[in-house]
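Me: Please look at the model below with me, and let us go through its side-chain contacts by question and answer.

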Amino acid sequence: MDIDAWLWWLIGAAVLGIGLVITAMPELGMLAVGAVAAAVVSGIFGGGAVAQVAVFAVVSTALIALVRPIARRHRVQRPELATGIDALKGRQAVVLERVDGSGGRIKLAGEVWSARALETGRAYEVGQEVDVVDIEGATAVIM
């Protein structure tokens, strides 16, 4: 029984794919793609052994060189999730009691908060939508 070279490359790609699933090493997936490219060169284009190995090496190396730095950058950068009062900054609120530089009340994230205007000369009337700029203690600073 004589097995064609393209079939060996596909078997190799399958083994690398299984290794990827078991070990979660993304490099194995990139090598598997290189093996599939070598199988295409062998089966469709009829390339010789040197061409197959060259395509495998070039495709695998190119994928590792391009994808690995991107993956590393995404692994290092954790998404920032704002919690607590940081999550309230920048949100919109509705004025419940007139708010000016000395105080008032707003409804923010379903809760009633004391509030004051960022600009001391500015006043916000009942029902008006405002933006929360900062939280100082238990008081929301709005504009």
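The turns that follow deal with salt bridges and then with aromatic rings.

Reply: This is a predicted model, in which local features need pLDDT of at least 70 and side-chain atom pairs count only at pLDDT 80 or more, while totals for chains, interfaces and linings use all residues. Residues are numbered from 1 along each chain as its sequence is written, and side-chain values use heavy atoms, with hydrogens and water left out.

Me: How many salt bridges does the count come to?
Reply: Side chains of opposite charge can pair when their charged atoms come close. The term is applied here to a side-chain nitrogen of Lys or Arg within 4 Å of a carboxyl oxygen of Asp or Glu. One of the pairs is Asp100 with Arg98, whose closest N and O atoms are 3.2 Å apart. By this rule, the number of salt bridges is 6.

Me: Which residues are linked with Lys89 in a network of salt bridges?
Reply: The side chain of Lys89 meets that of Asp86 in a salt bridge at 3.6 Å, N to O. Lys89 also forms a salt bridge with Asp134, with the closest N and O atoms 3.4 Å apart. The residues linked with Lys89 in the network are therefore Asp86 and Asp134.

Me: How many residues apart in sequence are the parts that Asp134 and Lys89 tie together?
Reply: Asp134 forms a salt bridge with Lys89. Asp134 lies in strand S4 (residues 129-136), whereas Lys89 lies in the loop between helix H3 (49-76) and strand S1 (92-100); helices (H or I, at least four residues) and strands (E, at least two) are DSSP runs, numbered from the N terminus. The pair therefore ties together parts whose separation in sequence is 45 residues.

Me: Is the pair of Trp9 and Phe56 stacked, edge-to-face or tilted?
Reply: Rings of Phe, Tyr and Trp (its six-membered ring) pair if their centres lie within 6.5 Å, and planes under 30 degrees apart count as stacked, over 60 as edge-to-face and the rest as tilted. A search of the whole structure finds 1 aromatic pair. The ring centres of Trp9 and Phe56 are 5.3 Å apart and their planes lie at 35°, so the pair is tilted.

Me: Is Trp9 buried or exposed?
Reply: Buried means under 20% relative accessible area, exposed over 50%, and partly exposed in between (1.4 Å probe, protein chains only). Phe56, with 22%, is partly exposed. Trp9 has a relative accessible area of 18%, so Trp9 is buried.
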